[in-house]
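Work through the exercises below with the sequence and the model side by side, and attempt each task before reading its solution.

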Amino acid sequence: MAFEILTDKLTAAIQKLRGQKTVSEQDLKETLREVRLALLEADVNFKVVKEFTAKIRERAMGQQVDPNLTPGQYIVKIVHEELIELLGGTQSKLNVAANPPTVIMLVGLQGAGKTTTVGKLANYLRKNGKKPLMVAGDVYRPAAITQLEVIGKQLDMPVFSMGDQVSPVEIARESLKRANALLCDTVLIDTAGRLHVDETLMNELKDMKTAVNPDEILLVVDAMTGQDAVTVADSFNKALGITGLIVTKLDGDARGGAVLSVKAVTNCPVKFVGMGEKLDALQPFYPDRMASRILGMGDVLSLIEKAQEAIDVDSAKKMAESLKKNEFTLDMFLDQMKQVKKLGSLESILSMIPGMGKFAKQLEGVDLDGKEVRRLEAIIYSMTPQERQNPRIINGSRRKRIAAGCGQRVQDVNRLLKQFEESKKLMKTMQGMNKYARKGRFKLPFMQ
């Protein structure tokens, strides 16, 4: 899970201060030391860590505390606000051309995931009312053009290619003509990368920039590379003048130091983060929401938005009514799993709910992929209608019969029943969030 190590250590560091009526200078010194160590272990740039903790100390020492907050709560508030500022302050949206098409160049080193990110960004833009054209501008990496064409077929979206014998500069220039012919309002140009920053790469990218005058130059960096991502970002920014970053593979980096460092080092905002391999796994970057998640405060708005996209409202309403009557059945549980699958793992969902992050580790690795859902389906359909309606009657002998009927182990049946009970509790917790959601414009579909 992204930021898992940092979240654990930062939460532990400031937990000692929560609720304290007085915070001594020694308390603050020890807390800041733990915060500093937590950030360094998360691979955050040393200079960034030093400046971050200095700001917290400056704000915390000798300041008038809000009478509605305890000194401990006030320091937690300062850490939260400074973390938001470190991450960029506010969401940075894509620049849009006054006269279409909007041209976006994606640059970066080889292996950062540029080509896949072109597809993800195209998918995101289409969902938001745009008509993008993907451009195969990487003529050096074997199969790069084919890869983008395959992505285009998967998304049913146009891809412009001139083969690997034409210069990338010419391809970029001609892509604008094709975009106008197809009435595409956005052009996404995939570019070549290298294993390291070199003069040849930069000169070619500069020529492409001159040829198409892009509205955005987005650097794609791999979160897993840590401090190297910051160094790469700094080099590309000095050479090209990048306008923003897309950080990929954040779901696989438990430290997250790259995201915390790049904005401070380059002064370029993170605009999107990649949270998985699928073509819909690209999310806009919200500094305030990410700061809340890092501090274990959850991210309700992101969960609400994901749920609105993925969950069938009518089905969710019926489920909510059944929960009120305490009639949640295994058939409903299976339907729920099929819908929750669209939101990601249960671990990631729990991490977005305030106070529920501590339970996320209990479900670590429970990814509801197609295979997992089919396994659950096989077990549930091996039960009698009465058992599915009232799981409490499933005793030891019934569990053996169910396992034999679907070719699974008794332990698998036991685990399913445990997941059913945990899901029941989770649904009731989410229903309890209704009061919170009603304060804003959003509601989870199962809160209607």
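**Exercise 1.** Determine how much helix and strand the chain holds over residues 269–282, and how far apart the end C-alpha atoms are.

Solution. Over residues 269–282 the chain is 0% helix and 43% strand, where helices (H or I, at least four residues) and strands (E, at least two) are DSSP runs, numbered from the N terminus. The end C-alpha atoms of this stretch are 16 Å apart. An unreviewed UniProt entry annotates residues 269–282 as "domain: SRP54-type proteins GTP-binding".

The model is predicted, so local features need pLDDT of at least 70 and side-chain atom pairs count only at pLDDT 80 or more, while totals for chains, interfaces and linings use all residues. Residues are numbered from 1 along each chain as its sequence is written, and side-chain values use heavy atoms, with hydrogens and water left out.

**Exercise 2.** Find the aromatic pairs in the whole structure and classify their geometry.

Solution. The search finds two aromatic pairs; rings of Phe, Tyr and Trp (its six-membered ring) pair if their centres lie within 6.5 Å, and planes under 30 degrees apart count as stacked, over 60 as edge-to-face and the rest as tilted. In one pair, the ring centres of Y124 and F272 are 5.0 Å apart with planes at 75°, so this pair is edge-to-face. It links helix α5, which holds Y124, to strand β7, which holds F272, 148 residues apart. In the other, F333 and F420 have ring centres 5.7 Å apart and planes at 90°, so this pair is also edge-to-face. Here F333 belongs to helix α14 and F420 to helix α20, 87 residues apart.

Technical notes
UniProt positions are given in the numbering used here, feature names are shortened, and annotations may be inferred rather than shown by experiment.
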